[in-house]
Amino acid sequence: MAKEYLTIDPESASIQTHLGILQGIIQRMASNSSACKAWCVTLVSAVLVIVADKGRPDYAYIAILPTIVFAALDAYYLALEKAFRNSYNDFIINLHNKTLTKESLYSVIPKGEMSTLQFQSLLSFSVWGLYSSLVLLILIVKIIAIG
């Protein structure tokens, strides 16, 4: 069965609604990524303040666990954001090439291999830069608390 391509005006309500949905998803993923960073910094700071207050430097390592968990979660949100941006870009290309199908108009599916996108996100500076800095801070607090 041959694919049936739609001839839809780019200004139509269905096109604008689909693009709006994708933009909303992308924005939420970006907000979730920012929230991960904020929560992680807050949580690690609270643990380090308690460690410093109680004089128990061995407990500083507890702060590494949320750092790792939030780094993984942040990479996941960034990967989803990238996948939905890929979907958005593919939709725009299909719209301009007049190869848009009903399936692409009425489905919101992330495009790309999630494991590859997550690995790429983990290697991005926005993830490893922040979270490796937090691990370094934890180690410095541990060393200073001993000395």
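**Figure 1. Crossing of helices α2 and α4 in the predicted model.** The crossing formed by α2 and α4 is right-handed. On the α2 side, the contact is built from A71, A75, Y76, L78, A79, L80, K82, A83 and N86, and on the α4 side from M114, L117, Q118, S121 and L122. Divided by class, the residues of this contact comprise 10 nonpolar, 3 polar and 1 charged. Helix α2 spans residues 64-96 and helix α4 spans residues 114-122; their axes come within 8 Å and cross at roughly 120°. The two helices are therefore oblique to each other.

**Figure 2. Packing of helix α1 against helix α2.** Helix α1 covers residues 13-54, and its axis lies 9 Å from that of α2, at an angle of about 165°. Because angles over 145 degrees count as roughly antiparallel, α1 and α2 are assigned to that class. Their crossing is left-handed. The residues that form the contact of α1 with α2 fall into 23 nonpolar, 6 polar and 4 charged.

**Figure 3. The cysteines C36 and C40, whose sulfur atoms are 8.5 Å apart.** For C36, the closest cysteine sulfur is that of C40, and the separation of 8.5 Å is too far for a bond. The converse also holds: the closest cysteine sulfur to that of C40 belongs to C36. A disulfide requires a pair of cysteine sulfur atoms within 2.5 Å, and a search of the whole structure accordingly finds 0 disulfides. Both side chains are shown with their surroundings. C36 has a relative accessibility of 4% and counts as buried, and C40, at 0%, is likewise classed as buried.

**Figure 4. Surroundings of S104 in helix α3.** Helix α3 consists of residues 102-105 and includes S104. The relative accessibility of S104 is 19%, so this serine counts as buried, the cut-off for that class being under 20%. When neighbours within four places in sequence are left aside, S104 is in contact with H18 and F91.

**Figure 5. Backbone conformation of K98 in the loop between α2 and α3.** The phi angle of K98 is near 60°, a positive value in a residue other than glycine. This lysine is situated in the loop between α2 and α3. With a relative accessible area of 60%, K98 is exposed.

**Figure 6. A145 of helix α5 and its separation from A60.** Helix α5 is formed by residues 125-146, and A145 is located within this helix. In sequence, A145 and A60 are 85 residues apart, while in space their C-alpha atoms are 9.1 Å apart. A145 is partly exposed, its relative accessible area being 38%.

**Figure 7. K54 of helix α1 and its separation from A83.** K54 lies in helix α1, whose residue range is 13-54. A relative accessible area of 58% places K54 among the exposed residues. Along the chain, K54 and A83 are 29 residues apart, and their C-alpha atoms are separated by 45 Å. A83 is also one of the α2 residues that make the contact with α4.

Definitions and conventions: Residues numbered from 1 in each chain as written. Predicted model: local features only at pLDDT ≥ 70, side-chain atom pairs only at ≥ 80, totals over all residues. Heavy atoms only, no water. Axes fitted to C-alpha atoms, helices over the stretch in contact; angles between N-to-C directions. Helix = DSSP H or I, 4+ residues; strand = E, 2+ residues; numbered from the N terminus. Parallel < 35°, antiparallel > 145°, perpendicular 65-115°, else oblique. Left-handed = near helix turned anticlockwise from the far one by under 90°. Contact = heavy atoms within 4.5 Å. Nonpolar A, V, L, I, M, F, W, Y, C, P; charged D, E, K, R; others polar. Buried < 20%, exposed > 50% of the residue type's maximum accessible area, 1.4 Å probe, protein only.
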